[in-house]
Amino acid sequence: MITHREQRVAETLAYRLPGVLTRRGLKAPIRQFLLSEVNGLKMLIAEVDLGGVNYPERYTTPEVLSHLRLEMGVPVYLSQVKGLRYVLLLSPLPQMPRRVELPPDVPSGQFAVGVGVSGRGLSLAWEDLQHLAVLGATGSGKSVFLQSLVWQGLRDGLRLLLSDIEGVTFGMLTDHPGLLAPVAETPAGALERVEQALAECERRAKLLREAPGHPQNLKQYNERIQTEGGEALPRILVIVDEASAVLSAMGRGRGELGEALANLGWRGRKYGVHFVFAAQEFTKELLGPVRDQVGMAVCFRVRSAYLATHMGCRGAERIPVDRPGLAITDRWGPVQTYYLDAGRLGQGKEGLQPPVSEAERGWFLQALKAGGRLSRSNLMAWSGMSEWQARKNLEAWAMRGWVVKEPQEDNAFVVTEKMREWLSNPPTSPAYSNHSNPIEA
């Protein structure tokens, strides 16, 4: 139940919001204000009339959200599920679950972040990941978050360029085949990894220029090259842990490393290269131009209210010491990030194998009996699913590397060697699951 006091606060915020937007040089076409309560969480929702604005993307930048939080004095989050809405939190930070294990059936092609205030899982497609800033004091859950990110990336075939000067976060990945280079353990090594990523951007830019059809990004390039029987380019994760110490040793935000990261920020996304910089804290001087390239900030417990507000994560300074894994994001607000046992990163192929359900295993075995071909008509006959469901499953399995289009077979899908190997020797680990999520009838 929304109290009279909360109604009065909401009225004040609704009156102030248009003026705050106007001072940012934006129109303020608020269609309506709604008072809502979800799982005990009170909020004011401001629905923006997109028909009244010329550039909707200007309303969703981290800078605008940070300014709104500072001026309004309450947490402000973005909702784009139905149009564009600002969500202003009237309640204290909600109670979140203390620990949520990374589900075994997270769909490939997605980075699963955690559970939001509604209790629903939150995730991003890799192509929408952009670049990440991850902040958090020792013991806050930052390292576990980075390990979960890397685990999911390796599962989906991403390649890694890592810097870990403490040698703790990624020590279990020494000599891992997913590394494009050894894990950097010095500031100079971190710069080398970023320069390698920039060189790869240059190489990929040349490939895109020379490709038929003039693809504009990695996704378009891979779709075209696979249709012609070529090999897709994997996405690349560049992670600089303890980035504040590394940047301080390399001239801060305006130094050689800071400039290289900023350069990677504006070039990398088009070519499927994403950077993550993680640290206990940053200053504005230390960040320099890097902050402008961040697509999402994830703040675990931090010491400074100024830092939390500057990163768009107001309230992260109030996260209790005994709540590891709880973070404030500038995209979804409070999130209990998923927990992953670091030992799974050291389990080799078994620890990284995506989940396969009993139903999927049966369909793939039937496909092998039919010469390895797996078509929509096959799936419809074997399972009773609709044509739409069969097509969606094939698309999902192609993303996981389980099937591939074969030009010599009229672009029919065929089972890959990766899946053939799994079927002949399934791992005895959480990877073999009865709870995967094929789109069944």
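Q: Contact means heavy atoms within 4.5 Å; with that in hand, what covers the buried residues of α14?
A: Helix α11 (358-369) and strand β16 (412-415) are among the elements doing the covering. Helices (H or I, at least four residues) and strands (E, at least two) are DSSP runs, numbered from the N terminus.

Q: What should I know about the model and its numbering?
A: It's a predicted model, where local features need pLDDT of at least 70, side-chain atom pairs need 80 or more, and totals for chains, interfaces and linings take in all residues. Residues are numbered from 1 along each chain as its sequence is written, and side-chain values use heavy atoms, leaving out hydrogens and water.

Q: What does the overall tally look like, and how much of the protein is buried?
A: There are 14 helices and 16 strands. Of the 441 residues, 51% are buried, meaning under 20% relative accessible area (exposed is over 50%, partly exposed is in between; 1.4 Å probe, protein chains only). The exposed surface is about 20,200 Å², with carbon and sulfur atoms supplying 49% of it; areas come from the Shrake-Rupley method with a 1.4 Å probe, and for residues only the protein chains shown count as cover. Among contacts with a separation of 6 or more, 64% are between residues 24 or more positions apart.

Q: Why do the buried residues of α14 count as lining one face?
A: In α14 (residues 417-424), the buried ones are Met419, Trp422 and Leu423. Down the axis of α14 they fall within an arc of 100 degrees, so they line one face; the arc is taken over the directions from the helix axis to the C-beta atoms. Glu417 and Ser424 are exposed on the other side of α14. As background, an α-helix has 3.6 residues a turn, so residues three or four places apart point the same way.

Q: What makes a group of residues a nonpolar core, and which residues have the most contacts inside the largest one?
A: The members must be buried Ala, Val, Leu, Ile, Met, Phe, Trp, Tyr or Cys, joined through side-chain atoms within 4.5 Å. The largest such core has 53 residues, and Val238 and Leu264 have the most contacts inside it. Helix α4 (residues 187-210) gives the most to this core, eight residues. Another core lies apart from it, with 38 residues that include Leu122, Phe170, Val276 and Ala327. Skipping neighbours within four places in sequence, Val238 has contacts that include Leu161, Val194, Ala197 and Leu264.

Q: How many aromatic pairs are there, and what makes Phe111 and Trp126 a stacked one?
A: The whole structure has four aromatic pairs. For Phe111 and Trp126, the centres are 5.8 Å apart and the planes 20 degrees apart. Rings of Phe, Tyr and Trp (its six-membered ring) pair if their centres lie within 6.5 Å, with planes under 30 degrees apart stacked, over 60 edge-to-face and the rest tilted, so this pair passes on distance and lands in the stacked class. Phe111 is in β6 (residues 110-116) and Trp126 in the loop between β7 (121-125) and β8 (132-135), so the pair ties together parts 15 residues apart in sequence.

Q: How do you know that Phe111 and Trp126 are buried?
A: The relative accessible area of Phe111 is 1% and that of Trp126 is 4%, so each falls below the limit for buried.

Q: What makes Phe145 and Phe300 an edge-to-face pair?
A: Their ring centres are 5.8 Å apart and their planes stand at 65 degrees, so edge-to-face is the right class. Phe145 is in α3 (residues 142-155) and Phe300 in the loop between β12 (296-299) and α9 (305-310), so parts 155 residues apart in sequence are tied together. Both Phe145 and Phe300 are buried. Phe111, Trp126, Phe145 and Phe300 form one aromatic cluster.

Q: What makes Arg99 a charge over the ring of Tyr339?
A: The charged end of Arg99 is 3.7 Å from the ring centre of Tyr339. The rule asks for NZ of Lys or CZ of Arg within 6 Å of the ring centre and within 35 degrees of the ring normal, so the distance fits and the contact counts as sitting over the ring.

Q: Why is Glu6 called buried, and Gly52 partly exposed?
A: Glu6 comes in at 13% relative accessible area, so it's under the buried limit. Gly52 has 27%, so it falls in the partly exposed range. Glu6 lies in helix α1 (residues 4-23), while Gly52 is in the loop between β2 (41-48) and α2 (62-72).

Key. Contact = heavy atoms within 4.5 Å.
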